[in-house]
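User: I'd like a close look at one part of this model. Could you walk me through it in plain terms?

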Amino acid sequence: MTSRQMLMLLAAAVLGPVASGAARGQALDAGAEAASDEVRAGLSWSGGAASASVDARLDVSGIDTTARAVLLRGARRHGRADILVDLAVGRDWSMGAITLRTELAGHIFSGAAQRMDFAELVLGARYGIGPLRLVATAWYAPRQSTIGGDNLHLRGSVDGGLPGLPITLAASLGYTTGRGDGPRAIRLRPGGDYADWKLTAEYARYPLMFGLDYVGTDIGDRAARRALPFADPAGAGDRIVARMRFSF
């Protein structure tokens, strides 16, 4: 099965339940967010420019479906795409004190000069210790021409709320690796394998949430500039990202 066929099946699996759930009046979690940058795995996906997104999530019989649309502002990294649509179907599995997470995710890029869509598999585990939550997650994109090979992102994180305050603090460390060294591979791995980090503080008073992230990578400037246009030199350095979300 090609990545395009996988994405078409995923779109049907996600958008069908979300639409029918909304039509039947089932409860949906949804929201809109504005951010000074759209950052994933330490890399800017919006070319370092401000972005906005809307999302919806529906849980049915333990299976959750999610759709999110993000403004990319003609991002160089993704072939000058204007809009990204993320689709995902996932499930949590209780294993006593540990909760496992399995998910199939797809990323569809609208307005790109070339086909840039790709799909990936997600496997995670989380464990709570008092007010703290420990999470380990792996995102694996099998070999696809749109990313010049395969791609694996590993991430470990810890988060917890401050007692008596609507504030959550989090820290995470990630590592990205894979096979393939052409221009498309450099799209997700500028200069090859790399590490990234993220520190987060969030203040939430429903329906509003305000967040600040400090993100960075160990990708040097020379590596970030390789094989343009897919390796965006503005999107790999340390920076602070401000976010505001409205839930409804």
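Which residue in E7 does Ala 88 stand opposite? Please start there and follow the pairing outward, then tell me about any cavity.

Analyst: Keep in mind that this is a predicted model. Ala 88 stands opposite Ala 105 in E7. That pair belongs to a bigger picture: strand E6 (residues 81-95) and strand E7 (residues 98-110) run antiparallel and are joined by 13 bridges. The two strands make a hairpin, with 2 residues between them. Gly 96 sits in that turn, and its phi is positive, at about 75 degrees.

Now step across to the next strand. E7 also pairs with strand E8 (residues 118-129), again antiparallel, and here the count is 10 bridges. Ala 105 turns up once more, since in E8 it stands opposite Glu 120. So Ala 105 has Ala 88 as its opposite number in E6 and Glu 120 in E8. As a general point, side chains in a regular strand alternate between the two faces of the sheet.

As for empty space, searching the whole structure turns up 1 cavity of 30 Å³ or more. The largest cavity holds about 40 Å³ of space. Its lining is made of Glu 33, Ala 34, Ala 35, Glu 38, Ser 51, Ala 52, Ser 53, Arg 68 and Val 70. Strand E1 (29-35), strand E4 (51-60) and strand E5 (63-75) are the elements that each give two or more residues to that lining. By type, the lining residues come out as 4 nonpolar, 2 polar and 3 charged.

Methods. Residues numbered from 1 in each chain as written. Predicted model: local features only at pLDDT ≥ 70, side-chain atom pairs only at ≥ 80, totals over all residues. Heavy atoms only, no water. 1 Å grid on protein atoms, 1.4 Å probe; cavity = no way out; pocket = protein on both sides within 12 Å on 5 of 7 lines; lining within 4 Å. Points joined across faces, edges and corners; volume = space filled by probe spheres on them. Helix = DSSP H or I, 4+ residues; strand = E, 2+ residues; numbered from the N terminus. Nonpolar A, V, L, I, M, F, W, Y, C, P; charged D, E, K, R; others polar. Pairing = 2+ DSSP bridges.
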